[in-house]
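Subject: Structure handover

Hi there,

Here is the structure I promised to pass on to you. Have a look at it first, and my notes follow underneath.

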Amino acid sequence: MNPRARVLLLNPALGPLDYRVDPGQDVRPGSIVLAPLGPRQWTGVVWEADRMPSDAEVGDNRLRPLAGVYDLPPLGEPLRRLIEWTANYYLAPPAAVLRMALSSASALDGARTVTEYRATGRVPDRLTPQREQALERIGERQGLVRELAAIADVSDAVIRGLVKAGAIEAVEVSVDDPFLDPDPDHARPDLSADQAAVAGRLVEAVRAHAFQPFLLDGVTGSGKTEVYFEAVAEAIRQGRQTLVLLPEIALTEPFLKRFAARFGHAPIAWHSDLRQSQRRRAWRAIATGEAKVVVGARSALFLPYAKLGLIVVDEAHETSFKQEDGVMYHARDAAVMRGGFESCPVVLASATPAIETRQQVALGRYEELKLPGRYGVAQMPDINEVDLLRDPPPRGRWLAPTLVKAIEETLERKEQALLFLNRRGYAPLTLCRTCGHRFQCPNCTAWMVEHRLMARLACHHCGHVMPPPAFCPECKAEDSLVACGPGVERIADEASTLFPDAKTAVVTSDTLWSPAKAAEFVGRMEAGDIDIVIGTQLITKGYHFPNLTLVGVVDADLGLAGGDLRAAERSFQQIAQVAGRAGRGAKPGHVYIQTREPSAPVIRALVSGDAESFYAAETESRRAANAPPFGRYAAIIISSEKLEEAVETARLIGRTAPEVDGMHVFGPAPAPLAMLRGRHRQRLLVHARRALDVQDVIRQWLGALEWPRGVRVAVDVDPYSF
Ligand code: ADP
Ligand code: ZN
């Protein structure tokens, strides 16, 4: 009999399947193969090679052979173990996790060149408005027809028309161009004594080629990046690869610049904005080991590194490391697991570590390395509270007189100010004054948010947009619609009214949606082209602007509303991070926190600078409630386009909940977003003690049930917010 290969196909509906391996096919665990299933062929990965079938199994002639083996390095064992762990721990189909590792079938294409397109500079004879828009938006950029069409927001046909008209031309791009190696000794900094001690410990760990998680805990501006760069340098010297995970793709651009200044060449960037040719080139270089340092958002964790020697998770407390759709995994936790499988150190860097991470330190599982002060002459900013009840802004305004005065003084000193409000758009709610009508998203339990810059109302959950209404759809009254509450655009308006000569910039995911936009913003800040930045959480981390000396937190109470388990912790982290943008150079920084609740523990901790007692109290209340990191949760989300079906299925699941010691099931009840993208959502919340294998319980529980085809049941293990 021929040997068999057990193959995991890129089809989330299926488990591993057996195929016949014919003589001459070089197949081993991790080999990337093409396998027939029904009428078509699927890409898959060999999970077990050389399986000799038992007598009870079907004979060779009943088994189809593999259709082919890709000319690519097989996925290594550590990555295969990570895929298995992720699928088991987060109750996800293994194929869905595998898909993240193969990233896109395009990475597997054997061709050595890709045909891309770019503008020639020639103006076509017939210049329609669409063609004009396309050429303007494409500018100097290059990519596949489909990529250019997406950039220009036109159809593929418009781009092809421009190719025919000679305004766009084809270029062959090689996916084999080598990457330039970073030089570990290019520009080594003189480390302070504190920094040198920490760097020394990390370098030692990189040399040991063994698993060791670290919490690199240092205040904002203490030189955490500079210090972990020493560990990166050591990994390069050892001929091993480094992965640096960042929470936002907007942060990759400044990171690349900084890295290039230290190591002579930029690392390989991995993010969703890559062109197909870049993606393919990077994927191959990572798989062969040619790529020495890779920086990316969470998806970079599942790439097929040939020889990983170090993983860094920067801003490790950030919530964006938790993926909220598809495979609902936490990249921080999965990164630590990968470090275990790869036998390499993992560095979690943060000025405001998550309580979960601090708990791992307390248990002795992670080693803590501390950088207590800012580097050089820079001091921590002074932090002031502004009591909005005693010092209220004028009617219809949001900036209190104290903060306005501080901005004025900052501008007089020719320094920069940052106003932080974690709300995109102009106003979170539009209301009819006559009849009380509120504009709600037709697909979600959410208000439509007014965006003046884009001249429309938008739902932040499903992306539904509508033009700004001229009258109330309910009572038809004109001039009766009012914007309620502020978003960043409204604060920018207020700043412009108060300081007409100041140059303002709004920084949100709407304005900084690509690395290129982020780079442009950094350039303008550095050139002094912006006096006041108004931004969401996107601006709170990573940036280093020495002339930025004032930070105003417009509404410190916003994050505390809702009563979420992590509300206080998250609020503390966010405000501490944004405060950390002030006074990073020689000039002293000042922070003003506007609040209606100056006695709230979060505000007290921030103003007094006593993070330790805040964390201690927060940790105690988690312990008392047996909440994470002491106990654990899993959310079961049941959704359907039909309310009835969702409710029925949720009840069925609730009714059949197993009686397990140390586990309690709450609900079903409508999920916090009771309707999302047109689907009604119900939720059950499972609370369990730490040691319980809650995944196994849920797997068996749900595995025994059936529900209608239109119902989706998703489990969110260690849900972030609920
Ligand atoms: P963190 O990551 O802790 O916020 P950074 O590594 O960004 O801190 O350091 C803050 C600033 O201080 C950066 O501009 C960095 O280049 C500078 N810096 C830190 N340590 C040194 C050093 N040893 N030599 C020169 N510059 C340093
Ligand atoms: Zn919506």
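UniProt, in an unreviewed entry, lists Cys 441, Cys 444, Cys 459 and Cys 462 under "binding site". In this predicted model, these cysteines gather at one spot, because no two of their C-alpha atoms are more than 8.6 Å apart although they span 22 residues in sequence.

I looked at two of them more closely. Cys 444 sits in the loop between β18 and β19, while Cys 462 belongs to the loop between β20 and β21. Is each of them buried or exposed? Cys 444 has 22 other C-beta atoms within 10 Å and is therefore buried, the cut-off being 20 or more. Cys 462 has 17 such atoms within 10 Å, so it counts as partly exposed. Leaving aside neighbours within four places in sequence, Cys 444 is in contact with Cys 459, His 461, Cys 462, Leu 673, Met 675, Leu 676 and Arg 677. On the same basis, the contacts of Cys 462 are Cys 441, Asn 443, Cys 444, Leu 676 and Arg 677.

The strands named here belong to a small piece of sheet. β19, β20 and β21 form an open, antiparallel sheet of three strands, in that order. Its edges are β19 (449-451) and β21 (465-466), each of which pairs on one side only. Between β20 (residues 456-458) and β21 there are two bridges in the antiparallel sense, and Leu 457 stands opposite Met 466 of β21.

There is another set of cysteines to look at. UniProt (again an unreviewed entry) places "binding site" at Cys 432, Cys 435, Cys 472 and Cys 475. These residues are spread over 44 residues of sequence but cluster in space, with 8.6 Å as the largest C-alpha distance. Cys 432 is part of strand β18 (residues 429-432), whereas Cys 472 lies in the loop between β21 and β22 (481-484). Cys 432 counts as buried because it has 20 C-beta neighbours inside 10 Å; Cys 472 counts as buried with 21. Apart from residues up to four places away in sequence, Cys 432 touches His 437, Cys 472, Glu 474, Cys 475, Ala 477, Ser 480 and Leu 481. With the same kind of neighbours left aside, Cys 472 is in contact with Cys 432, Thr 434, Cys 435, His 437, Ala 477, Ser 480 and Leu 481.

Next, the ligand. Ligand 1 has 15 residues around it, and those that come nearest are Pro 189, Gly 223, Lys 224, Thr 225 and Tyr 375. Which helix gives the most to this shell? Helix α7 (residues 224-237) does, with three residues. By character, the shell divides into three nonpolar, nine polar and three charged residues.

Helix α10 and the strands around it are worth a look too. The twelve residues of α10 (residues 331-342) should span 16 Å at 1.5 Å a residue, and the end C-alpha atoms are 16 Å apart, which agrees. Its buried residues are Ala 331, Arg 332, Ala 334, Ala 335, Val 336, Arg 338, Gly 339 and Glu 342. Among the elements that cover them are α1 (77-89), β9 (212-218), β10 (241-245), β13 (308-314) and β14 (345-350). After α10 comes Ser 343, with a positive phi near 55 degrees.

β14 itself is mostly covered, with six of its six residues buried. Pro 345, Val 347 and Ala 349 point one way from the strand, and Val 346, Leu 348 and Ser 350 point the other way. β14 runs parallel to β9, joined by six bridges, and Leu 216 stands opposite Ala 349. β14 also pairs with β13 in the parallel sense over four bridges; there, Leu 348 is the bridge partner of Val 313.

One last residue: Ala 582, in the loop between α15 (567-579) and β26 (590-595). Ala 582 is buried, with 29 other C-beta atoms within 10 Å. Its C-alpha lies 8.4 Å from that of Ala 417, although the two are 165 residues apart in sequence. Neighbours within four places aside, the contacts of Ala 582 include Pro 381, Leu 548, Thr 549, Leu 550 and Val 551.

Best wishes

Key:
Residues numbered from 1 in each chain as written. Chains lettered and ligands numbered in written order. Predicted model: local features only at pLDDT ≥ 70, side-chain atom pairs only at ≥ 80, totals over all residues. Pairing = 2+ DSSP bridges. Near = placed C-beta within 6 Å. Nonpolar A, V, L, I, M, F, W, Y, C, P; charged D, E, K, R; others polar. UniProt positions renumbered as here; feature names shortened; annotations may be inferred. Buried ≥ 20, exposed ≤ 12 C-beta atoms within 10 Å, placed from the backbone. Contact = placed C-beta atoms within 7 Å. Expected span 1.5 Å × (residues − 1).
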